[in-house]
Amino acid sequence: MNFKFKNDQYRKARGNRTRLVNLFCRVCKGKIMVYQKDDYPGRLRRLYFDRIFFPKNLTNLEKKSLNKIPTLKCPQCKEDLGTPYIYKKENRKAFKCYQDALIKKVRRLKEDLKC
């Protein structure tokens, strides 16, 4: 599956650098999602809903109301990974990640989607 990077005001504000990353559960090492991380390398503090590419059940969450979005959990071990909230500085919906709950690995563009 081919991905097209989201190219918007938020990406430009962060220096126009972006990467696709695979995110894994820290506990069971199960794959959680494919995510577009803008900006320079560093810890994931929040996962913006409009940057989630895979799996299908986590895409397009920005269109739902916040109280209808459940907490982010690992599908394999059910570990809590993050809480939905609105990032006030940019008025964007996101998951607030629990510290060190996720492992990120830079993704190759032609890598298969398996979750």
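**Close-up 1. Lys31, a buried lysine in strand S2.** Lys31 has a relative accessibility of just 11%, so it counts as buried (under 20% relative accessible area, with exposed meaning over 50% and partly exposed in between; 1.4 Å probe, protein chains only). Lys31 sits in strand S2, which covers residues 31–38; helices (H or I, at least four residues) and strands (E, at least two) are DSSP runs, numbered from the N terminus. The side chain of Lys31 makes a polar contact of 3.5 Å with that of Asn22. A polar contact here is a pair of N or O atoms within 3.5 Å; within protein, one must be able to donate a hydrogen and the other to accept it, and residues adjacent in sequence count only if both atoms are side-chain atoms. Keep in mind that this is a predicted model: local features need pLDDT of at least 70, side-chain atom pairs count only at pLDDT 80 or more, and totals for chains, interfaces and linings use all residues. Residues are numbered from 1 along each chain as its sequence is written, and side-chain values use heavy atoms, with hydrogens and water left out.

**Close-up 2. The salt bridges around Arg92.** The whole structure has four salt bridges (a side-chain nitrogen of Lys or Arg within 4 Å of a carboxyl oxygen of Asp or Glu). In one of them, Arg92 pairs with Asp50, with the closest N and O atoms 2.9 Å apart. That pair ties together distant parts of the chain, 42 residues apart: Arg92 is in strand S7 (residues 92–97), while Asp50 is in the loop between strand S3 (46–48) and strand S4 (52–54). Both Arg92 and Asp50 are buried. Arg92 also bridges to Glu90, and here the closest N and O atoms are 3.0 Å apart. Through shared partners, Asp50, Arg51, Glu90 and Arg92 end up in one salt-bridge network. Glu90 is partly exposed at 21% relative accessible area, whereas Arg92 is buried at 6%.

**Close-up 3. The salt bridge between Asp80 and Lys73.** The side chains of these two residues meet at 2.9 Å, N to O. Asp80 is partly exposed, at 33% relative accessible area, and so is Lys73, at 40%.

**Close-up 4. Met33 in the largest nonpolar core.** This core (buried Ala, Val, Leu, Ile, Met, Phe, Trp, Tyr and Cys residues joined through side-chain atoms within 4.5 Å) has 23 residues, and Met33, Tyr35 and Leu47 touch the most other members. Strand S1 (18–25), S2, S3, strand S6 (80–87) and S7 each chip in at least two residues. Setting aside neighbours within four places in sequence, the contacts of Met33 (heavy atoms within 4.5 Å) include Val21, Leu23, Leu47, Ile52 and Phe54.

**Close-up 5. An open sheet of four strands.** The order is S4-S2-S1-S8, with antiparallel pairing (strands pair if DSSP finds at least two bridges between them). S4 and strand S8 (102–106) are the edges; each has a single partner strand, so one side of each lacks a neighbour in the sheet. S2 and S4 pair over two bridges, and Tyr35 has Ile52 in S4 as its bridge partner.

**Close-up 6. S7 and its partners S3 and S6.** S3 and S7 run antiparallel and are joined by three bridges, with Tyr48 partnered by Ala94 in S7. S6 and S7, also antiparallel, are joined by six bridges. Tyr87 has Arg92 in S7 as its bridge partner. S6 and S7 form a hairpin with four residues between them, and Asn91 in the turn has a positive phi of about 55 degrees.
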